[in-house]
Structures are given as structure tokens and as C-alpha cells.
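These notebook entries record what I looked up in the structure, taken in the order in which I examined it. I begin with a pair of helices and end with the contact between chains.

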Amino acid sequence: MSTALAETSEKLLALSRRAESLYDDLDLKAVTEWKSRGKNRRAIGFLPIYVPREIIHAAGALPVGLMGGADRVEIVRGDSYFQSYICHLPRSVIELAVGGRMDACDGFLFPSICDVIRNLSGMFKMLLPGKYVHYVDLPQNFDTALGGRFYISELKLMARDIGNLTGVEVTDDRLRASLAAYNENRVALRRLLHARRDRPWEVPTLDYYLLLRAGYMLPVEEHTAMVNEYVELAAQAGRPRMDNIRVAVRGAFCEQPPLGLLRTLERAGCYVVDDDFVLGSRFIEQDLDVHGDPWDALAQGFMHHSLPAASKYDQRRTKHADFVKRVRDYRADGVIFMAPSFCDPALLEQPMLQKALEDADIPFTAFKYSEDTGQFQVIREQAGTFADALKLWGNA
Amino acid sequence: MKGATAEKDASMQKQKEMIANHFSELARVKETRKKVVYTFVPGNLTELINHFGMLPVLPEINALQSGMRGKSAEYISIAEKAGHSEDVCTYVKTDIGMLRAGNIGPTGEPLPKPDLLLLSYTGCFTFLKWFELLREEYDCPVVMLHVPYQGDGEITQEMREYVSNQIRDVVIPEFERVSGVRYDHDRMKEQLKLSVRAEDDLVWVLNSARARPSPIDAWFGGVYYIGPMFTSFRGTQDAVDYYTMLREEVQDRLDQKLGPVTPDGPMREEKYRLVIEGPPNWTSFREFWRMFADEGAVIVASSYTKVGGLYDRGFRHNPDDPLGTMADYCMGCYTNLNFPQRTALLEGYINDFSADGFLINSVKSCNSFSAGQLLILRELEKRTGRPGGFIESDLVDPRYFSAANIKNRLESYFQMIEARRKGATS
């Protein structure tokens, strides 16, 4: 290996280690450290899938994505709040919250995604009475005069509340500046997504995933720089191309898969070229207008330019066609449905998406996981068999 | 062996006739050309559907009736074989399975296909996916009525406008288009006046459980009492007549100091007064009820009987503001309340109805009810000092109803109440 290549590899490794250290930071030390660097700094935690982080940013606070404890938290108290048939994410979230490991957060936002996250918002109100807790009711009516108007009232309510915590008023200009900062982040993430789509061997799934997660801990400006640096370095790293199939993954938009599961997919011969991991990080697909009314821009972004999600009503009835088009656009050879156990939105969505694939003659396989899944052999065999079958009999 | 057939009050017979007539009407839509709207129970717009001469079909009711008729296991199996996960809501799977098996209603006749799906998803995200699944089966329009959740424990003006504007700008125009009938504001007012009359009587009936002995069971019996109000009949003279009849029967029992009518006749001795959170199990409904009745346990208040409105806490439809009142109604249902509100409501019931304790029937299928119930349990024990019990079952999946386990838990729970009583008097 040449010196230049070795240096590039070292830098990439350093970036992914930095991202992994943020992923492992369940005590939110990085957030505490960020708060200590300025007066009256506040952090606002949010649950999956999507909240408009621009509002938090414009109020001078740090948005912090709370994605559960994965397989790194022993659940003691969390299990005492939930029955066996409730998914795992709220258990680890409660475990971390009542154990004081989310104390760096001054407030919490719970987006409308499912009944479990919804109820969790009320549980936080009861368990953490001193904290700001708000349920973000994202519109399911996508008419600007109806859902749009309601959503803007929600955005302004959040801006007022978070502004009260920080002492910073969310003016139109401040919000425009935040839209611009997140636009730059969207550009960087698109570069990352496209690099992985076009040359997945350059962007291993684990690196990609950790980079997305880093965006849920870092200030957006730092994250944008990190992603840009990674994409540039990855293009020069000369990573070898493997004889893997290309897969799209669906179902993992809320409770996240453990890192071992992501490694397993790649080891089983699958390049993940499209997915819904950490979906909120890139939920709005296109840049938002920074010249007009910024509240409108944010509302329009969610209502008309956001990715499909199981928790979002498919008003235009294009779910099937959009999904098949996306799979084809990303040149995936097949689809892996991996949903968390007991995830109602993902598991109720799955038969519809599977039907769309069947009609389009696109192969798929499916399994379930939990954020603390520790045994991957069965999954490796299933994903490996899927990859082998596509190589042998498919177009891969 | 106990009662092979349950005893029925006259009001129950009346309700049975109302339901039979409704299904008979559904069976005749090809002749009558009446339009059919599928929609959900919580926050339903029954008056509005009836206003346009359309007939509502409620998939949750189909599912629970399938459960009571012993059909749900087969339907769930059909849905699971078609690719639906064992993890998800069994109401959905029962409905999908029933559809695949010919969509035969409780009268043995096929249910008509919908002319419209009204997706008013108050308090349950699964509704959204349910109708996305159903619309794949039917070629008909869907109207989404997004009902915001009371996340901060209140209905704001913005929420109210959002819902009433959707009713005005989306729901009513689509109803007019499908039915060919124009919306008539004055006629709507008259319908809502009938709603209020029935609502007053329902509240009177529910509040009768404050008496000792309670003349009603507010959960097992309560699901019958809320039937006409929560389903297809609110705003009709039939509903008014039913609740008048029911009120007279309950008054009669109050006068005679009789307990509720159970599957085996009038309850003899009221030993335990309980408040219960969560829906019942439908597949073993009578067996479940007997587990309580045999022990002299009566449910004096329940949250499930509020999924179609918190009338007992003061809500009434306001005939002078049809759209606004429909919005308030949609947002005020129990499953649209946040956790602190739910907990406070149950605490109020425990105190107001002089309950000896409270139970949670945690159903696997319903995350809207179940997620976090164990916090409610702790909080209520802390606030009221009265014992809480926890049992688990499901709505319509018989695989999750373990009679022996539930009976054991209930017996232990009743012993706990007795022990507290002895402790209090010693």
C-alpha cells in the first residue's frame, strides 16, 4: 500500500472511530461538553423518526437524536414499564432516562410515529416533571391550507417553547440561517448516499451508518464537515470491490439494528445501497428555500419533499410505484425487510411493499430483529442464502 | 354447568334488533343504492354519515363480533398465512382474514364493499395502516381526517380549527360527492339534538354505578350500553329510545337495590367494586365476565367505555356548532388523551365510584392502550393507596387468553383486597 493510500485509510479510520465514539456515548458526554462551551446552552433530545431540527438550531439549542441503547445497555428498570409485546426501543430509552443518562437534555420531542412513541411522551411528562416534553404532531393531511397551516402552528409553538429555554427568539432570519445550515448538511448526505449507491465498496455500511448517527450528536456544521471529509477520503481509499449483491433495506426507521447486524449483512455478501436507517437525518430530500417565508419552507419540505415512511399517510397512493422506482433507481438486486419485533408501522407496511415487489418481480427476504439482538448466525445464513440465490439465479 | 344462554334485558333485545336492522340494510344496498362508509369507532362521525343517508361499517366491530362468534382464530390464521406478522394488531388481521373469507357479517350475509373509507384515526396509528391495507382490496376513495393528539393535555384553537376545517373542506364535500346528498346545516342541528338526549341518558346510566350495590357493570355490561352510542346510531331516534329504555331498567334495579345482570342472571352480592383500564377480551367474553361475577366483583367504571367519548366528564355535542363540536368530539376520546390525563381520569373514577381497587387488562393487540400501562398502575397505587392488579389477554386472538392464568391472578388480587380490608379493620 502506498503512503498516500495508507494515510487516507488512517484518516478514514479516525473518522469512523470518532463517529463510533459518538455512537457509544450513551451518557451524552459530548452534549454536556458542547453545553459547557457557552452560556445558557440547551440540548433538546428527540425520538425517531423526524423532527424539524432547524427549529431547535434556530433557537440556539443542540438537537440530540435519542435512538435507544442498542445492545449496550442492560435493561433493568425499562422492562418494568413495558409488557413483553412492546418493542425494545422504549425500554432502553426509559432505562437511560430514569437512570439519569439523558440529563444533558433540557427537553424532549416525541414525533407522531406510532402509539408507543406517543405514549412514551406522556410517560416522560410523568417521570421527568421538570423537563420540557412535547409531542410533535406531524400533519397527515398534506393540503397546505389544512395540514400545512396546522403544522406551521406546531412549528411556531415549538420555536416559542425552545426559545424560552435558551432565551433566543426564533426570528425569520435565524430560521433561514438554520435552513441554510441544514441544506448544506443535506447536500453532504446526498453525496454520501450517492457515493454508496454508485460505489458501495467505498462506503461500508457500518461507516455509513455511524456517520448518520454522528449527525444526531454533533452540531450540524461539524457533522457536514465530517461527512464531506469522509466522502472525499473514501473516493481515494482504493477499497476493494467484493462480489456482493446490492440490496435495499426497509423497516429499520425507528428502533435501530445493532452494529453487529450491519456487519453481518455485509459479511453475508450484501452491499446495502439504500435503506431507511436513521431516516430522520435525511427525511427531507431536497434543499429548502432560504429566501421566502422559512416556516412555509419547512412545512412544504415535510409535506411535499419528504421520504415515504410507514408512519406517514400515503395520500397520493403512490407507495407501490415509488418504492419500486426507488429500488430500481438504486439498482438494488433485491430487498431485505428487517423490522424490529413488535413494530406495528413497519410490520403492517411490509405486506404492501412485498406485494409491490412481487408485482415488479423483485426478490426479497424478511426477518425481524431487536436493538439488542446478539445472535446473528441465523440472519447471516438467511442473508447469505439470499445473496447466493441472486448471484446464481438473479441478475446480480 | 352454568348458563348455556345468557339472560338479556329488554334494552339488550332492542339493541339486538337495531343491529340486526342495520346489517339487514347493509345487505340490501344493491336494491336501496345506499352508500357504505367504512370508518373507525373512536371519534367517528356517525351523525355526518347518517346525514348523507350512508351506512357506516366499523371494522373493529366486525373484528370483535368475529371474536365473539369464535371466528377470529380462523381469520387471523388466514391473514398470517398471507404474510401479516404475528406481532401486529389482531383486529386488523381478523378483518383482513374475514375479508379474504368472503366478508360475511354477523347475520350470515356478506357485507357490502365500501363506497368510501373514512380514515378518522383518533388515538390509534394502526388505523392508518389498516385502511392503507383495506384500500388495496377496494377500489374506492379514501378520506383522511387527521385528528391531532392531546399531547400537551389540551385541545388548542389551532387543533380545533384544523379538524373542523378538514370536516368542512374535505369530508363533507367528499360525502356530498359520493352520496349525491347536500349538507343541510339545520338538519344536522336536529340530529345533534338527538345525540345530546341519548348522551344525557348514557351518562346517567354510567353514573348509576356510584350507588351501592351498583346496578350496572360498567365494563362487561358497559360494552353493550355504549354500543348504540359509539357505533351507527348516535343522532337517531332509535338511540334515544334505546337509552330511555335502558335508563328505566337501571332505575328499576336501583330502586330494588339490585346488582347488574350478568351472564347468569342478577349478581347476588357485590363484594368488590373495581375500576378497570383497557379493552376486554372478546373471544372468551362470558367466561371472562363470570370470573368476576362469581367472585362478586363488579366494574363500576372503565376507560374502555370512553373510547367513543368522555360524556361522563361533561362533553356533549353542541347542536349550535356542528363542525366545531364534531372536532371536539374527535379529539376528546379516551385514546386521544395523553398519559397524565388518562391517569388522572382513572384516579378520579377510583375515588368517585368508591372503588376497592383497579385492574388493568393489558391487551397484546393495542399499543395505544397498552404501551406504558405499568406506569399508570404504579402511579394509581401511589395516588390512591388502593391495590392495583394486572392481567394480560388479547382482543380477538384466543391464543392469548389463558383462562387459568387470568383466574389465578384475579383470585390472588381479590385476596389482596380482602387482606387490605382485614388490615384496615384490625
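**Entry 1: a pair of helices in chain B.** The model I am reading is predicted. I first looked up which residues of H6(B) face H7(B), and I found Val92(B), Ile96(B) and Leu99(B). On the side of H7(B), their counterparts are Thr126(B), Trp130(B), Leu133(B) and Glu137(B). By class, I noted 5 nonpolar, 1 polar and 1 charged among the residues of this contact. I then checked the geometry: H6(B) covers residues 90-100 and H7(B) covers residues 126-137, and their axes lie 11 Å apart at an angle of about 10°. Angles under 35 degrees count as roughly parallel, so I recorded H6(B) as roughly parallel to H7(B).

**Entry 2: the sheet.** I next turned to an open sheet of 4 strands in chain B, and I wrote down its order as E2-E1-E3-E4, with parallel pairing. Which strands stand at the edges? They are E2 (55-57) and E4 (142-145) of chain B. Each has a single partner strand, so one side of each is left without a neighbour in the sheet. From one strand to the next, I noted an average twist of 25°.

I then looked up the pairing of E1 (residues 36-38) with E3 (residues 116-120) in chain B; the two run parallel and are joined by 2 bridges. In one of these strands, E3(B), I found Leu116(B) as the bridge partner of Val37(B). H7(B) appears here again, as it packs on the sheet and touches E1, E3 and E4 of chain B. The direction of H7(B) makes about 165° with that of E3(B).

**Entry 3: the two domains of chain B.** I noted that chain B is divided into domain 1, residues 10-183, and domain 2, residues 188-425. Taken over C-alpha atoms, the domain centres are 23 Å apart. How many residues of each domain are in contact with the other? I found 48 in domain 1 of chain B and 47 in domain 2 of chain B. Several helices supply at least two residues each to the domain 1 side, among them H3 (46-51), H6 and H8 (157-179) of chain B. The most comes from H1(B), with 7 residues. This side of domain 1 of chain B holds 25 nonpolar, 19 polar and 4 charged residues.

**Entry 4: chain B against chain A.** I then looked up the contact between the chains, which takes 40 residues from chain B and 43 from chain A. Helices of chain B that each supply at least two residues to its side include H7, H8 and H17 (373-384). H7(B) gives the largest share of that side, 6 residues. I counted the classes on the chain B side as 16 nonpolar, 14 polar and 10 charged.

**Entry 5: a helix pair across the chains.** Finally, I examined H13(A), residues 344-360, whose axis lies 10 Å from that of H7(B) at an angle of about 5°. The two helices are therefore roughly parallel to each other. From H13(A), I listed Asp344(A), Pro345(A), Leu348(A), Glu349(A) and Met352(A) as the residues that meet H7(B). They face Thr126(B), Lys129(B), Glu132(B), Leu133(B) and Glu136(B). This contact has 4 nonpolar, 1 polar and 5 charged residues. Looking back at my first entry, I noted that Thr126(B) and Leu133(B) also meet H6(B).

Notes: Residues numbered from 1 in each chain as written. Chains lettered and ligands numbered in written order. Predicted model: local features only at pLDDT ≥ 70, side-chain atom pairs only at ≥ 80, totals over all residues. Axes fitted to C-alpha atoms, helices over the stretch in contact; angles between N-to-C directions. Parallel < 35°, antiparallel > 145°, perpendicular 65-115°, else oblique. Contact = placed C-beta atoms within 7 Å. Nonpolar A, V, L, I, M, F, W, Y, C, P; charged D, E, K, R; others polar. Pairing = 2+ DSSP bridges. Domains from an automatic or database assignment.
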